[in-house]
Amino acid sequence: MDYRALAEQLMDLHALLHQSPAGRALDALDRGSFLALGYLAAHHNVARPKELGQGLAVSSARVAALLNHLGEQGLIRRSADPADSRQTLVSLTEAGEQLFRQRRSAAVDAIAQMLERLGPEDAAAYLRIRKKLIGQLFER
């Protein structure tokens with residue numbers, strides 16, 4: 001089997017996917033701001049900047065820029081860590097929580113429509129294969 005040719009086809013399909021509504025919804029989930037909001041939401045709406053950087057696999061400079069951007073938009077707040085005053089805690093504001101829920105819901109709706117067009121068997125197979133591929137990325 002020519003896996004390189006298959007990879008070329010997959011890249012072409014991936015490019016087409018990004019032109020669809022579902023693909024654009026997935027792209028929105030991959031943007032740094034949304035990923036940061038999602039990380040905070042998944043961690044009880046609070047984290048230290050260092051944890052955020054590790055969780056998103058980005059540099060401390062990128063975390064600082066993200067937090068400045070999110071802070072300017074009123075989506076996060078920074079406060080001193082009561083357990084260690086040398087540390088800063090970042091938490092979602094109500095507006096941040098609401099924006100995250102709205103964007104995630106819109107993305108889930110778009111992806112659900114895409115999966116529905118596949119039908120139950122193909123949708124389940126697609127998810128199974130994606131899980132397998134992602135699982136292999138984390139194996140060592």
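These legends describe close-up views of a predicted model.

**View 1. The nonpolar core and its main contributors.** The largest nonpolar core has 17 residues. Of these, L37, L52 and I76 touch the most other members. Four elements give two or more residues to this core: α3, α4, α5 (60-72) and β3. Helix α3 gives the most, with five residues. In soluble globular proteins, nonpolar side chains tend to be buried together.

**View 2. The surroundings of L37.** L37 is one of the core residues that touch the most other members. Neighbours within four places in sequence are left aside here. Beyond them, L37 is in contact with L70, L75 and I76. Its contacts also include L92, G96, L99 and F100. I76 appears again here, as another of the core residues with the most contacts to other members.

**View 3. Helix α3 against helix α6.** Helix α3 spans residues 32-42, and helix α6 spans residues 94-118. The two helices pack at an angle of about 110°. Their axes are 10 Å apart. The angle makes α3 roughly perpendicular to α6. From α3, the contact is made by F34, L37, G38 and A41. From α6, it is made by G96, L99, F100, R103 and R104. The residues of this contact divide into five nonpolar, two polar and two charged.

**View 4. S91 in strand β3.** S91 lies in strand β3, which covers residues 84-92. Is S91 buried or exposed? Its relative accessible area is 13%, so S91 is buried, as the limit for that class is under 20%. Leaving aside neighbours within four places in sequence, S91 is in contact with N45 and V46. L75, I76 and R77 are also in contact with S91.

**View 5. The salt bridge between D81 and R48.** A search of the whole structure finds four salt bridges. One of them joins D81 and R48, with the closest N and O atoms 2.5 Å apart. D81 lies in strand β2 (residues 76-81). R48 lies in the loop between β1 (46-47) and α4 (49-56). The pair therefore ties together parts that are 33 residues apart in sequence. D81 counts as buried, at 5% relative accessibility. R48 is partly exposed, with a relative accessible area of 27%. Which residues share a network of salt bridges? R48, E51 and D81 are linked in one.

**View 6. The salt bridge between R86 and D84.** The side chains of R86 and D84 meet in a salt bridge. The N to O distance is 3.0 Å. R86 counts as exposed, at 72% relative accessibility.

**View 7. A salt bridge within helix α6.** R101 forms a salt bridge with E97. The closest N and O atoms of this pair are 3.8 Å apart. R101 and E97 both lie in helix α6. They are four residues apart, about one turn of the helix. E97 counts as partly exposed, at 27% relative accessibility.

**View 8. I134 in helix α7.** I134 lies in helix α7, which covers residues 120-137. I134 is partly exposed, with a relative accessible area of 41%. A112 is 22 residues from I134 along the chain. The C-alpha atoms of I134 and A112 are separated by 20 Å.

Note on methods
Residues numbered from 1 in each chain as written. Predicted model: local features only at pLDDT ≥ 70, side-chain atom pairs only at ≥ 80, totals over all residues. Heavy atoms only, no water. Buried < 20%, exposed > 50% of the residue type's maximum accessible area, 1.4 Å probe, protein only. Contact = heavy atoms within 4.5 Å. Axes fitted to C-alpha atoms, helices over the stretch in contact; angles between N-to-C directions. Parallel < 35°, antiparallel > 145°, perpendicular 65-115°, else oblique. Nonpolar A, V, L, I, M, F, W, Y, C, P; charged D, E, K, R; others polar. Core = buried A, V, L, I, M, F, W, Y, C linked by side-chain atoms within 4.5 Å.
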